[in-house]
Amino acid sequence: MYEPFYIPDISMPLISTEGVRYGITHSAPYRVPDDSAADPLHIHEAFELFFNVSGNVSFSIGDRILPVPMGGAVLTRPNEVHKCIYNSPCLNEHYCLWINAPQDSVFHSLLIALSSPTVFSFDVQAADMLHSHLRELSEMLPLEDASDASERMLHILYILLLLRKKGIKMSAVPTIPSELQHILSQIDEDPAEVGTVSDLAKAHFISPSTLNRWFRQYLKVSPREYLESKKMARAIKLLDNGASVTTTCFQSGFSDCAHFIRLFKRKFGQTPLQYKKTEK
C-alpha cells in the first residue's frame, strides 16, 4: 500500500484465531511545515492510532482537517486517505499503532465503531494511562518474540478500552476556507467524477493558482496529489470487491489504463493485477 516510510511490518499475531496483527512505532522528529521528510499523504490496509505526545499538529482525513492536541489521539480506518500536518516548527513526539483486523473479526467491528473523522481528547489521568500502555507495548519489541503475546494483547485491549470509555470526541472546528471545504467534500463524495485540477478550479470559479495555494497552505500537498490519492483509495476498494483492472481504472476516474497502471505501481509497488492476486 501507499505507506509512510516508517510504517513497521504489521506481522505480530495478536489473536491467531482471528488473524489480527499489529505494529507500533515511537518517534520524536523535529518537523517544520512543508518538510519534505514529513509524513506523506497515504493510505494503507490497517487501522492507525496516532497519539500525540507533543507538537502542534493536525490530521487531514478525508475531507476534514482536525487539530490533534497534545495528549490527544486520532484513529483512521483502512484505505482512508490521511496525513499528519505540521502547523508550526515543533518536536513531534508521537506513537503510531497499526492494527490489521479481518472484516469478520470482533476487533474489526470494535475499531469501526470507534473510528470516524474525529479526534479524541482525554483528561490528564487517562492520557497518562494511554501513553503508558503505548510505551510499554512499543518496548516489547522485537515483534518476532511471541513469548509475551498475551501481555501485548492486554495492552491493546486497554488502549481500545480507554478510547471507548475515557476518550472525548472533539467537534471539528473549521480551520480552512469554506470554499476549500466544499471542494474537499466534492472530491471525497465521488473522486471519479472529478476530471482534472483545472476542471475542479473551473467548477468552483477560482483560478488553478488559487486552488494550488489553498491546498499547499492547508493540506501541505498539491491538488493533483490529493486527487490522485483519493482516486487510488477508490481503486483499492474496487479491486478488493473483485472489479477487473479495466473497470477499476474507469470507475476510479482515470481515462487511460496504461497511465493508471503506472501510477498504481508507483504508489503501491505493484500493478493492479498483482494486487488482486495478493492474499489479503
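Q: What makes two strands count as paired in this predicted model?
A: Two strands pair if DSSP finds at least two bridges between them. One such bridge joins Phe 59 to its partner Cys 84 in β8. In β8, Tyr 86 is likewise the bridge partner of Val 57.

Q: How do you know that β5 and β8 are paired?
A: Strand β8 comprises residues 82-86, and 5 bridges join it to β5. The criterion asks for at least two bridges, so β5 and β8 qualify as a pair, and they run antiparallel.

Q: How do you know that β5 is also paired with β6?
A: Here too 5 bridges are found, between β5 and strand β6 (residues 64-68). Set against the requirement of at least two, this count makes them a pair, with the strands running antiparallel. Within β6, Pro 67 stands opposite Ser 58.

Q: What connects β5 and β6 in the hairpin, and which residue in the turn has a positive phi?
A: The two strands of the hairpin have 2 residues between them. Gly 62, in the turn, has a positive phi of about 60°.

Q: Why are β6 and β8 said to stand at the edges of the sheet?
A: The open sheet has 3 strands in the order β6-β5-β8, with antiparallel pairing. β6 and β8 each have a single partner strand, so one side of each is left without a neighbour in the sheet. On average, neighbouring strands of this sheet are turned by 25° against each other, direction ignored.

Q: Why is β5 described as largely enclosed by the rest of the structure?
A: Buried means under 20% relative accessible area. In β5 (residues 57-61), 5 of the 5 residues are buried, so the strand is largely enclosed. Val 57, Phe 59 and Ile 61 point one way from β5, whereas Ser 58 and Ser 60 point the other way. In a regular strand the side chains alternate between the two faces of the sheet.

Q: Why is Cys 96 not bonded to Cys 84?
A: A disulfide requires sulfur atoms within 2.5 Å. The sulfur of Cys 96 is 7.9 Å from that of Cys 84, the closest cysteine sulfur, and this is too far for a bond. Cys 96 has 0% relative accessibility and therefore counts as buried.

Q: What makes Cys 257 partly exposed, and why is it not bonded to Cys 249?
A: Cys 257 has 22% relative accessibility, which lies between the limits of 20% and 50%, so the residue counts as partly exposed. Its closest cysteine sulfur, in Cys 249, is 3.5 Å away, too far for a bond. By the 2.5 Å rule, the count comes to 0 disulfides.

How values were computed: Residues are numbered from 1 along each chain as its sequence is written. This is a predicted model: local features need pLDDT of at least 70, side-chain atom pairs count only at pLDDT 80 or more; totals for chains, interfaces and linings use all residues. Side-chain values use heavy atoms; hydrogens and water are left out. Buried means under 20% relative accessible area, exposed over 50%, partly exposed in between (1.4 Å probe, protein chains only). Helices (H or I, at least four residues) and strands (E, at least two) are DSSP runs, numbered from the N terminus. Axes are lines fitted to C-alpha atoms, for helices over the stretch in contact, and angles run from 0 to 180 degrees between N-to-C directions.
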